[in-house]
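Biologist: I've got a chain to look at and a few things I'd like to ask about its fold. Can you put it up so we can go through it together?

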Amino acid sequence: MPIEYGVWISRLVVGVLFGLSAVGKLADPVGTRKAVGEFGVPLRWVPAVGWGLPASEGLVAVAVLVPWTVLPGAVLALLLLVVFTLAVARLLKRGERPACSCFGAVSAEPIGARTLVRNGVLLVLALLVAWGAVAHPRVPGALPTDDAVWLAVAALLVAALAWLWGEVRALRKRVDEQALSTLGAEGLPVGAVAPEFELLDVAGGRTSLASLLERERHVLLVFVHPGCELCAALARELPRWQERTAHALTIVVVGNGDAAEHAEWGREQGLADIPVLVQQGNEAALRYRVRGTPSAVLIDADGRVAAPVARGAIAARELIVRAKTVVRR
């Protein structure tokens, strides 16, 4: 009986965790697509992977709990875990630590050694489930009915506790954000010296704020993310605005993540004549106190912040209109 209980518990743990992961991703599709993009998935595949991943996890959650689909479910779980673990190892080797929204936005935290350890434990459990399905095909019926019921109840309790844990973390995150907002407003004060930066551009070089200001023009920094639909809509308007204000305004797009992905994204949005810079982590966004995308920051020709940060696509458009008026003077 110890083997039977061990296999059953492994099936329940794998089913509950994959089920929670699927629900968390489906509850936050925008955050899921953003996380998928940060993990290096090509932009054109982000929507498909954003929906396909939680669907696959949901299949695993159901399959490992149904007697006649245990083995296919375990194999699919192993495949997903191996692919994810290899992706995490690749990013860590490159020094990148995007947020892992494994159980949705409420659990978003940077990947690290703990992520690899957690994946290793899940791989062992999935292997145990697969082994049990092959070596002990009668295990699902080997437990008395009462024991199976109690194990199912235990699984529901674990799922409920995990959900509550996620809600508590989300509440703490909102409290922290509110505390930050009370300590300091988003964006730098108007008139403050704009922080210097030197970021990688998609052509492989590096661009600094000083080099942009050498043209003696205002500079508009537009912070975006390739997985953000509002960012893409705003980006498609930038070439038109740049053409109208090219004599006195330089528009620069700033993202974070992979340079090749941003290069492809820039081509899709028609940003051939607009510099696209890539920050590692959020170095520039933190210096300018930018807390979301899309956002825009206007810097005058003297290197000072010329307007409050514009948060959101509508505010960014209004800032562009304002910048067009300012540079005409």
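Biologist: Which residue stands opposite Leu 200 in β7?

Modeller: Bear in mind that this is a predicted model. Strand β3, residues 198-201, runs antiparallel to β7, residues 276-279, and two bridges join them. Opposite Leu 200 in β7 you'll find Val 278.

Biologist: And on the β4 side, what is the bridge partner of Leu 200?

Modeller: β3 is also joined to β4, residues 206-208, by three bridges, again running antiparallel. The partner of Leu 200 in that strand is Arg 206.

Biologist: Which residue in the turn between β3 and β4 has a positive phi?

Modeller: The two strands make a hairpin, with four residues between them. The phi in question is about 105°, and the residue is Gly 204.

Biologist: Zooming out, which strands are the edges of the sheet?

Modeller: It's an open sheet of seven strands with mixed pairing, in the order β4-β3-β7-β6-β5-β8-β9. An edge strand pairs on one side only, and that leaves β4 and β9.

Biologist: Which helix packs on the sheet by touching β5 and β6?

Modeller: Those two strands pair in the parallel sense over six bridges, with Val 219 partnered by Thr 250 of β6. The helix touching both covers residues 238-245, and its direction makes about 150° with that of β6; it's α10.

Biologist: At the start of α11, which backbone nitrogen does a side-chain oxygen of Asp 258 reach?

Modeller: Helix α11 spans residues 259-268, and its buried residues are Glu 261, His 262, Ala 263, Glu 264, Trp 265 and Gly 266. After the helix comes Gly 270, with a positive phi near 75°. Back at the start, the Asp 258 oxygen comes within 3.2 Å of the backbone nitrogen of Ala 260.

Biologist: Is Trp 8 buried or exposed?

Modeller: Trp 8 belongs to helix α1, residues 2-27. Across 120 residues of sequence, its C-alpha lies 9.7 Å from that of Leu 128. The relative accessible area of Trp 8 is 11%, and the cut-off is under 20%, so Trp 8 is buried.

Biologist: How about Glu 214, buried or exposed?

Modeller: Glu 214 sits in the loop between α8 (209-213) and β5 (218-223). Its C-alpha is 8.5 Å from that of Ala 301, 87 residues away along the chain. Because its relative accessibility is 64%, with the cut-off at over 50%, Glu 214 counts as exposed.

Key. Residues numbered from 1 in each chain as written. Predicted model: local features only at pLDDT ≥ 70, side-chain atom pairs only at ≥ 80, totals over all residues. Heavy atoms only, no water. Buried < 20%, exposed > 50% of the residue type's maximum accessible area, 1.4 Å probe, protein only. Pairing = 2+ DSSP bridges. Polar contact = N/O pair within 3.5 Å; in protein donor to acceptor, adjacent residues only side chain to side chain. Contact = heavy atoms within 4.5 Å. Axes fitted to C-alpha atoms, helices over the stretch in contact; angles between N-to-C directions.
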